[in-house]
Amino acid sequence: MKRTAAIILILLCTTLSVFATDVFTGDVIDYDSALTVASLSQLNCPSAVLCDLDSGKVLYELNADEKRAPASVTKIMTMLLVLEACDSGAISLQDTVTAGEHACSMGGSQVFLEPGEQMTVLEMFKCVSIASANDAAVALAEHVSGSEELFVEKMNSRARELGMVNTQFKNACGLDTEGHYTTARDIAIMSAALARHSQAFAFTTTWMDSIRNGEFVLTNTNKLIRSYKGITGLKTGSTGDAGFCISATAEKNGMRLCAVVMGAETSKIRFECATALLNLGFANYESVDPLGGLTLPEIGVKGGKNETLSLITGEHSHIIIEKGTGDSLVISAEYPQEIKAPVTAGAELGHVTVSQNGETILTVPILAAHDVEKLGFFGAFCRMLARLSLY
C-alpha cells in the first residue's frame, strides 16, 4: 500500500512539475553569447565555481571556499566510491544489494525501498544518478562498506586524498546534518574525479528510466539535460539548509567544463546560474594542445650502440586558454645535448614548459624514445677502425 500510494504520488508530481514555477523549462541554449566575467557580477547565488574538468583550471569563482550544506550533490562522492569499488574488484555492478532498515528509513527524494528488497548495484546506481534517491544511496553505502558510518569514513578519507580541504561528510546522501558541509571548489574537485569514470555519464544524461520492471518511473532531477546542448551531468541537490545546488558538467569541442552553484534561492535560479557559467566558459575559452606540432631534435649518446637518441614528450592533457591568446604561449625545452649509454626507453631526460604572460601553465617530461645499449669493447674498436678508414 505504501509503495502504491508513493508511485501514484510520484507520477502526479512528475506531471505537475511541467507547470511548477521553479522548474527550468527554457529552450535549447546556445554557447555563443558573448559573455564576460563582468557579465556575472550579479550572479544570483552566494557561491559558485567554473572550472575545466580535465586540467582543474578555475575560470571563475565566487566565494568558492565558503563552507555550505551541499544537499544531494553529496552523492557525487557516493557515486565515485561505488565506481572505484567496482574498478578495484571489491564489488560488481551485477552484485545484489539488499535494502536494510536504515536505508529504507531515509526521507527526502527516494525510490521507496522496502526492507529486504533487492536490486543490483547497477539498478541502485541508476536510482541515485537519475532520481537522486537517498534510500538507494545509503543502500549502496552499506553494500560497499558494511554500514553507512564506515562508508562516510571512506568518503572523508577520499576527500582528503583529492585535496578537498574544506569538506566534511556526515552521511552518504546529503540530508541536512550538523557538520555536513563542503564548498563549491571542493565539489568541482570531486566532480572532476567522477568525470574520469565514463560510465557515470550513462545515467547522468538519461532523462527518464524505470525500475521494478517499469512499474516505477525515474525522472532526472537535472533539467538542463533537456535544455542545454552538450550537458553531461552531473548532480543536483536541494534542502532547507543548502538551498538549491548543482554541479553541472558539459562538453563542447573537446573542452569539458563544470559549473558548481550553491545556495540558490530557487531551482530556476540554480539552473540559470549554471547556464550563465557554462556559457561564459564556452564563449571565452578554448582547449588547445600547445605541443601538438612540437618536434624535438636527436641528442648524442656517448658509448652507445646507437650514436643518437630520439626524444619524445610524455603524456599530457590539453590546456584551457582564453580564445585568441594562443600566440602568447611560450614553449621552452630543457634537455642534455649528450647522454651516456645505456639508455632505457621512457627515461626522463628533461622537460618542456608552456607559459603564458609569465605564468607556467604546463610542464611535460621529455623522454627517451627508445633503448640504447652500451657499446662493448669489440664494438667500440670496430667503430674506431671505421672512422680511421675515412681518413
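The paragraphs below lead from the overall make-up of this predicted model to its nonpolar interior and then to its aromatic rings.

The protein chain, seen as a whole, has a secondary structure that comes to 10 helices and 18 strands. Of its 391 residues, 50% count as buried, and the surface that the protein chain exposes comes to about 18200 Å², of which carbon and sulfur atoms supply 52%. To see how distant parts of the sequence meet, one can look at the contacts between residues at least 6 apart in sequence, where 66% join residues at least 24 apart.

Turning to the interior, the reader will find that the largest nonpolar core has 70 residues, and that Met77 and Met190 are those with the most contacts inside it. Helix 2, which covers residues 75–88, gives the most to this core, with 9 residues. If residues up to four places away in sequence are set aside, Met190 touches Val73, Ile76, Met77, Leu162, Met164 and Phe169. Apart from this core lies another one, of 30 residues, and among them are Val261, Cys273, Leu277 and Ile320.

The aromatic rings deserve a separate look. The structure holds 1 aromatic pair, and rings also appear beside charged side chains, for a charge counts as sitting over a ring if, for Arg, the CZ atom is within 6 Å of the ring centre and within 35 degrees of the ring normal. Arg212 lies over the face of Phe216, at 5.3 Å from the ring centre, while Arg270 lies over the face of Phe271, with a distance of 4.6 Å from the ring centre.

Methods: Residues are numbered from 1 along each chain as its sequence is written. This is a predicted model: local features need pLDDT of at least 70, side-chain atom pairs count only at pLDDT 80 or more; totals for chains, interfaces and linings use all residues. Side-chain values use heavy atoms; hydrogens and water are left out. Rings of Phe, Tyr and Trp (its six-membered ring) pair if their centres lie within 6.5 Å; planes under 30 degrees apart count as stacked, over 60 as edge-to-face and the rest as tilted. Helices (H or I, at least four residues) and strands (E, at least two) are DSSP runs, numbered from the N terminus. Buried means under 20% relative accessible area, exposed over 50%, partly exposed in between (1.4 Å probe, protein chains only). Contact means heavy atoms within 4.5 Å. Accessible areas come from the Shrake-Rupley method with a 1.4 Å probe; for residues, only the protein chains shown count as cover. A nonpolar core is a set of buried Ala, Val, Leu, Ile, Met, Phe, Trp, Tyr and Cys residues joined through side-chain atoms within 4.5 Å.
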